[in-house]
Amino acid sequence: MLPSKPLLHAEVFALTVLQALASDTFIAAVYEHAVILPDATDEPVSPDDALALMNKNMDVLEGAIKEAAQQGAHIIVTPEDGIYGWRFTRETIYPYLEDIPDPAVNWIPCTDPTRFAPAPVQERLSCMARNNSIYVVANIGDKKPCNSSDPSCPSDGRYQYNTDVVFDPEGKLVARYHKYNLFRRETQFNYPKEPEAVTFETPFGKFGIFTCFDILFREPAVVLVSELQVDTVLFPTAWMNVLPFLTAVEFHSAWAMGMGVNLLSANTHNINLAMTGSGLFTPEGPTAYHYDSRTEEGRLLLAELSARPRLSPSYPPAVNWSSYATSINKFPEENDTFSAAVRRDIFTFSELRCKAGNYTVCQGDLCCHLVYQMSNKSKDEVYVLGAFDGLHGSLIKYHWQICTLLKCQSTDRNTCGQPVETAQTKFEMFSLSGTFGTNYVFPEVLYSGVELAPGEFEVLRDGRLKSKHGTSKPLLTATLFGRLYEKDLPHPLRTSP
């Protein structure tokens, strides 16, 4: 006689837990989703029409979740805005929102859907997790009523939050996170009054979660890793790629290496908005990643990761990011420097005029040092060493220190810092370092075609970003991104409670 469905589910769940407990690794998945967007409208649609659109997206996500589970994944992350898209005002997003309770209520929406206010999206996500015995991470909208006794209560009587939810393999809601650092265009949502540091335990490590723009700030990103010591960060995002430094795969991989954690990054896919780039990133580099700016298709990625990377024998040693650069007999600072903009940031650059050399470029408190040798310099390509020490951002301003070896867009030096995706020049070697005033430095190398270079560079304990055996492909950038969180300006949009 076949076991009943509840008994069968319990047996599958128990087996999944035992398998995870028996291993120091786990299988993670992320899905880059080409979101089905709503029609642009100035008037709210009906709740039924909103749910119909969300169900179309959840149909796609469910297919990816089933496929990931069949391939042995223990957890899958889906993108920010992955269920309803964007194109909203505060009023038009309202039909898409649900009231998401605190996970402390111990709720399985799949088996108890009427316990709270109608929540068909949470119910369906819970069932996806339960039916496939997998952790499911999704991004939806939360609504919370408020009244005049709350001086911060919006005039329409509710808070609206950009929200991540996590359901465990039984379908239970185990985490809820309200995005703290909203991008300037997210006017449909409210800022939470306080930053949330959301963590939860699994049989395969301690997890934290935040969303997209959050990764650039101390709270909650640094707090989760440095203070709460999570092993893995879940990262739904809707990231618009910005060359030369802020492409999704480039910066997210760099952040995982600099912070020493796993980062499961799931991006939305929309080539018209330059949205692509997802990956499974570790302290040692990417295990799987995807960047596709040409087609409209989504992509599922899976990889086996260390459950507790800090305990791994291959875990990178601690780095003193300014040790080498402050201790050497400095290379002569270049006299032939020039300024050029990377978007709005004015860098100090020096052109690499020879096939090999030692260079120093300084700006503010930062001096960047480079030793290099090119193998096949193209006469039609210009490379520079650049330094930036200052505030970045047009409205929300935060402090960067950046050292970069960078290919210019053309032989005109005025194009240095402008976007470029292809190159022809390879390097026999390079070693890049800087006099950083922070321990939060994120290293990355980007090749022609917006490709990462896993295993082809290393970070030495004295802070040098160094090629191992030359570059196997032409180089776009080799960059050290430093963040001085303590020098960020006060947030101009976040209101105090």
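Start by colouring the whole protein chain by confidence: this is a predicted model, with an average pLDDT of 93 and 94% of the residues scoring at least 70.

Now pick out the weak spots. Select residues 1–8, where pLDDT stays under 50 and the model has two contacts beyond four places in sequence. Then select residues 17–22: here too the pLDDT is below 50, and the stretch has five contacts beyond near neighbours in sequence.

Next stop, helix H2. Select residues 47–70 and draw a distance between the C-alpha atoms at the two ends; you should get 33 Å. That agrees with the 34 Å expected, because 24 residues of helix are reckoned at 1.5 Å a residue. Just past the end of H2, click on Gly72, which has a positive phi of about 95°.

Stay with H2 and show side chains. Which residues of H2 are buried? They are Ala50, Leu53, Met54, Asn57, Met58, Leu61, Ala64, Ile65 and Ala68. To see what the buried residues of H2 pack against, add strands S1 (25–32), S2 (75–77), S3 (135–145) and S12 (299–306), plus helix H3 (120–132).

Now go for Leu125. Outside its neighbours within four places in sequence, Leu125 touches Met58, Ile83, Ala138, Ile140, Val165 and Phe167. Leu125 also belongs to the largest nonpolar core, a set of 139 residues, and is listed with Leu234, Phe251 and Trp255 as having the most contacts inside it.

To finish, colour domain 1 (25–311) and domain 2 (322–487) separately: both give residues to this core, so the core lies between them. In soluble globular proteins, nonpolar side chains tend to be buried together.

How values were computed: Residues are numbered from 1 along each chain as its sequence is written. This is a predicted model: local features need pLDDT of at least 70, side-chain atom pairs count only at pLDDT 80 or more; totals for chains, interfaces and linings use all residues. Side-chain values use heavy atoms; hydrogens and water are left out. pLDDT is the predictor's confidence in each residue, from 0 to 100. Contact means heavy atoms within 4.5 Å. Helices (H or I, at least four residues) and strands (E, at least two) are DSSP runs, numbered from the N terminus. The expected span of a helix is 1.5 Å times one less than its number of residues. Buried means under 20% relative accessible area, exposed over 50%, partly exposed in between (1.4 Å probe, protein chains only). A nonpolar core is a set of buried Ala, Val, Leu, Ile, Met, Phe, Trp, Tyr and Cys residues joined through side-chain atoms within 4.5 Å. Domain bounds come from an automatic or database domain assignment.
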